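Me: Hi! I have a structure to go through and could use some company. Can you walk me through it?
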Amino acid sequence: MPELPEVEIVKQSLDKKIRFKKIKRIIVRNRNLRSKIPKNFEIFLKNKNIKKISRFSKYIILNFYDDSFCIIHLGMSGTIHLVKNYKKKKFTNLSFYQSPILPSKHNHIEIQFQNFSIIYNDPRRFGFFELIKNKKKLSKRFSHLGPEPFSKLFNLNYVQHYLKSKKKYIKSFLLDQKFVSGIGNIYASEILFLCKINPQKKAQNLNQDECKKIIYFSKLVLKKAIRLGGSSIRDFKNVSGKNGLFQNEFKVYQREHLKCLKYDCQGKIKKKIISKRSTFFCNKCQN
DNA sequence: AAGAGGCCCTGATAGC
DNA sequence: TGCTATCAGGGCCTCT
């Protein structure tokens, strides 16, 4: 589920809840996530004091006072839930993201604090946890990733230069974390719709104005999504008010066959598979 | 270097 | 009802 805005929402609620807290105990129920949970995982984290929670791209970063880190990636289906520890474990409605009803089958990792725990649930196990020893190794870990859309590094010069001789479709590059990091499949379609650029336009054929639009609307869409609490699709019945609202703002995503929402456009939304992912666009105004 | 394709995994849904 | 096929918001790896 998680693209940059959703991860940012999780990060914010985590920061509110576990900043300055001390990890009491770690329980790993399934070590086989995307990458194997290392043997020293529990020992490494036990008694660590959390300085703050930060985020880069789609990665959540637990910052500890001893300058070590734990990074969490939610993959496609990872969610983090808050659980009260005492009595019969009762789930609060403070679910950080998605359903307040905690699924039990795929609760792979539990991090216990004084009075509560956070639980990592991930049916598809595409997510992962990684331990990082120091700041240097942290920046090395992210060195292969391009700038976030919000970064000053994501500017006209960079974009034009990067795409100059690229033959792949522009959609592929919005998904390419080496080019720009944090955008995923939903927001890629939404951004290109606002830009009025066909997702199948070859990157090298974008003119200066189109590059400017990509930069502008990438920032705009992600910021708006964060403001609205992210997007919750495949909604469950039990969702609390904590769910995101940006799915109501989708202009093209999952709107195949429907009329284009641009005020003066008579086009229809089409769906095509581009770089192995569903891509939605208007056949008229994204020519 | 750049691009295409495969793979990791479970669950929901559609079609027969 | 039960089977199979397809699809899902990500990212890494290999091969050409």
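**Around the DNA**

Reply: Happy to! One contact to start with: a polar backbone atom of Pro123 is 3.3 Å from a sugar or linking oxygen of DNA strand B. That is a polar contact, meaning a pair of N or O atoms within 3.5 Å; within protein, one must be able to donate a hydrogen and the other to accept it, and residues adjacent in sequence count only if both atoms are side-chain atoms.

Me: Anything I should know about the model and numbering?

Reply: The model is predicted, so local features need pLDDT of at least 70 and side-chain atom pairs pLDDT 80 or more, while totals for chains, interfaces and linings use all residues. Residues are numbered from 1 along each chain as its sequence is written, chains are lettered from A and ligands numbered from 1 in the order in which they are written, and side-chain values use heavy atoms, leaving out hydrogens and water.

Me: What does Lys166 touch on strand B, and how far away?

Reply: A polar side-chain atom of Lys166 lies 3.2 Å from a phosphate oxygen of DNA strand B. For Arg125, a polar side-chain atom is 2.9 Å from a sugar or linking oxygen of that strand.

Me: New topic: how many disulfides are there?

Reply: Zero, counting a disulfide as a pair of cysteine sulfur atoms within 2.5 Å. For Cys211, the nearest cysteine sulfur belongs to Cys195, 9.8 Å away.

Me: Why is Cys265 not bonded to Cys282?

Reply: Because their sulfurs are 3.7 Å apart, too far for a bond.

Me: Is Cys265 buried or exposed?

Reply: Buried, at 6% relative accessible area; buried means under 20%, exposed over 50%, partly exposed in between (1.4 Å probe, protein chains only). Cys211 is buried too, at 2%.
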